[in-house]
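Work through the following exercises with the coordinates open, and try each task before reading its solution.

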Amino acid sequence: MKMPQLPPYDHQPKLYSGPAQEEIMELRRRYLTPSLVTYYKNPIMIVEGSMQYVYDERGRRYLDVFGGIVTISVGHCHPYVTQRIREQMEILQHTTTIYLHPIIAQYARMLAEKLPAELRVCYFVNSGSEANDLALLLARLYTGNYDVVALRNAYHGGSASTMGLTAQSTWKYNYPHSFGIHHAIAPDPYRGPWGRDDPDAGIKYASDVREIIEFATPGCVAAFIAESIQGVGGAVVYPDGFLAQAYEYCRDAGGLCIADEVQTGFGRTGSHYWGFETQDVIPDIVTMAKGIGNGLPLAAVVTTPAIAQTLTRRIHFNTFGGNPVSCAGGKAVLEVIDRENLQQNALKIGNYLMDGLKGLMDKHDLIGDVRGRGLMTGVELVKDRRSKEPAKGECDFVFERSKELGLLVGKGGFHGNVLRIKPPLCIHEGDVDFLIEVLDFALKEV
Ligand SMILES: Cc1ncc(COP(=O)(O)O)c(C=O)c1O
């Protein structure tokens with residue numbers, strides 16, 4: 001069988017003259033926390049990136065369909081974003097929000113204009129965990145309630161409070177973190193009790209949110225929080241109507257609805273700019289990170305003026321939140337998404353990708369499910385389509401083999417048997433052809 005070939009690309013990576021991969025591995029072993037996880041048996045060292053491609057120290061090019069964990073939204077080192085960051089870097093790197101600076105204000109207006117009218121107050125922070133921490137604080141202060149409903153199989157961060165929201169044992173340390181947080185059944189039409197053939201599945205899954213409120217809380221809650229599509233959990237797309245019904249139960253109990261758009265925002269779903277729009281709901285608080293900054297440490301919480309007001313009861317401060325360099329980058333990302341029609345590209349290429357993945361599913365019984373929206377997709381591998389026994393070892397094989405063939409994919413799902421394909425939004429059809437060929441090749445070898 002012919003080896004898959006990357007599409008041609010006109011970029012010459014710089015000659016790498018730094019330390020060798022083995023030396024970096026040794027430095028990491030000695031001087032970095034042992035909790036750092038590296039992908040691949042022989043970890044890859046990435047020293048350069050250009051749009052949807054990255055290069056290792058030998059100058060080998062890879063198609064990157066995981067984008068630094070769904071973070072490279074418009075492309076590695078996108079020239080316009082890089083130029084804006086560099087320009088800001090050269091005149092003022094940091095002052096913090098105690099002084100005025102034009103970019104944070106202009107950027108906040110641009111970001112708010114992308115959201116429903118009532119969601120117009122921005123609070124900038126540095127990471128998704130920080131954004132969700134703040135959303136939790138806002139919801140509890142505003143409502144005066146404490147309990148929160150999240151979903152099983154969710155990932156909302158690794159800080160002390162967001163670890164409580166996260167609902168996979170693999171990410172939860174044996175340490176007190178979930179007081180007042182309850183997890184409703186994951187609305188997973190592939191593995192859950194109600195599948196895609198059930199038109200009422202959304203309503204049925206949401207009934208667990210209602211029951212939790214009735215039986216596990218004082219009957220009133222601070223919030224319901226959900227990713228718009230579960231990311232780390234393996235690209236789980238909820239049945240239609242789920243969020244609308246869950247939001248209704250939460251609001252009936254006095255709670256606010258929080259949409260975690262850390263992975264699904266900024267046009268990734270293709271059909272919509274925000275993931276929550278695919279479920280036809282309007283949240284009270286939206287949290288964003290990752291793709292917002294195309295790799296800069298930038299995140300945001302956007303809410304209504306009334307909810308935002310609660311933080312004025314004390315002083316709340318974040319040194320780097322709203323940093324001019326990050327905001328210059330964030331503003332450039334918004335401009336590029338519009339100018340280069342990247343949301344439309346996510347829709348077009350996402351559909352093309354889905355067709356290719358479904359074609360693979362027809363050929364390979366190992367694929368139990370393909371799912372997703374736009375460029376937020378997952379391929380779940382199972383040993384047997386009936387029992388749905390997770391094919392973790394096989395998934396590891398395809399994942400490793402893909403790297404050897406020049407493709408970097410992600411891996412996830414609670415059982416580690418889902419290939420996660422969430423590339424930069426600038427990806428082309430030729431890249432998808434290569435990706436499908438690589439997966440086909442690797443799946444044949446399993
Ligand atoms: C949906 C979601 N929310 C929150 C986070 C936490 O973001 P961070 O790692 O920037 O703290 C992540 C990270 O993967 C995420 O996927």
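**Exercise 1. A histidine in a loop**

Leaving aside its neighbours within four places in sequence, which residues is His-76 in contact with? Place the residue in the chain, and decide whether His-76 is buried or exposed.

Solution. The model is a predicted one, and the first step is to locate the residue: His-76 lies in the loop that runs between α2 (67–70) and α3 (79–91). Once neighbours within four places in sequence are set aside, its contacts are Gly-49, Ser-50, Met-51, Tyr-53, Val-54 and Asp-64. With one of these, Asp-64, the side chain of His-76 makes a polar contact of 2.7 Å. The relative accessible area of His-76 is 13%, and since buried means under 20%, His-76 is buried.

**Exercise 2. Two helices and what covers them**

Compare the end-to-end span of helix α7 with the expected one, do likewise for helix α11, and list what covers the buried residues of each.

Solution. Begin with α7, residues 201–216, which has 16 residues and reaches 23 Å from its first C-alpha to its last, close to the 22 Å expected at 1.5 Å a residue. Its buried residues are Ala-201, Gly-202, Tyr-205, Ala-206, Ser-207, Val-209, Ile-212 and Ile-213. The elements that cover them include β5 (148–151), β6 (181–184), β7 (223–227) and α8 (242–252).

Next take α11, residues 342–363, where 22 residues should span 32 Å at 1.5 Å a residue, and where the end C-alpha atoms are 31 Å apart, which agrees. Among the buried residues of α11 are Leu-342, Ala-346, Ile-349, Leu-353, Leu-357 and Leu-360. In reading such a list it helps to recall that an α-helix has 3.6 residues a turn, so residues three or four places apart point the same way. Cover for the buried residues of α11 comes from elements including α10 (324–339), β11 (367–373), β12 (376–381), β15 (418–421) and α13 (429–445).

**Exercise 3. Aromatic rings**

How many aromatic pairs does a search of the whole structure find, and what geometry does the pair of Tyr-107 and Phe-124 have?

Solution. The search finds 16 aromatic pairs. In one of them, Tyr-107 and Phe-124 are stacked, with 5.0 Å from centre to centre and 15° between the planes. This pair links distant parts of the chain, for Tyr-107 belongs to helix α4 (residues 102–112) and Phe-124 to strand β4 (residues 121–125), 17 residues apart. Tyr-107 counts as buried at 0% relative accessibility, and Phe-124 counts as buried at 4%. Elsewhere, ring pairs link Tyr-39, Tyr-40, Phe-66 and Phe-399 into a cluster.

The rings also receive charged groups: Arg-140 lies over the face of Tyr-146, 3.8 Å from the ring centre, while the charged end of Arg-339 sits over the ring of Tyr-80, at 4.3 Å from its centre.

**Exercise 4. The ligand**

Which residues are around the ligand, and where does a polar backbone atom lie 2.8 Å from one of its oxygen atoms?

Solution. The surrounding residues include Ser-127, Gly-128, Ser-129, Asn-132, Tyr-155, His-156, Glu-227, Asp-260, Gln-263 and Lys-290. The backbone atom belongs to Gly-128, at 2.8 Å from a ligand oxygen. From the side chains, a polar atom of Gln-263 is 2.9 Å from an oxygen atom of the ligand, and a polar atom of Lys-290 is 3.2 Å from an oxygen atom of the ligand.

Technical notes: Residues numbered from 1 in each chain as written. Predicted model: local features only at pLDDT ≥ 70, side-chain atom pairs only at ≥ 80, totals over all residues. Heavy atoms only, no water. Helix = DSSP H or I, 4+ residues; strand = E, 2+ residues; numbered from the N terminus. Buried < 20%, exposed > 50% of the residue type's maximum accessible area, 1.4 Å probe, protein only. Polar contact = N/O pair within 3.5 Å; in protein donor to acceptor, adjacent residues only side chain to side chain. Contact = heavy atoms within 4.5 Å. Expected span 1.5 Å × (residues − 1). Phe/Tyr/Trp six-rings, centres within 6.5 Å; stacked < 30°, edge-to-face > 60°. Lys NZ or Arg CZ within 6 Å of the ring centre and 35° of its normal. Near = heavy atom within 4 Å.
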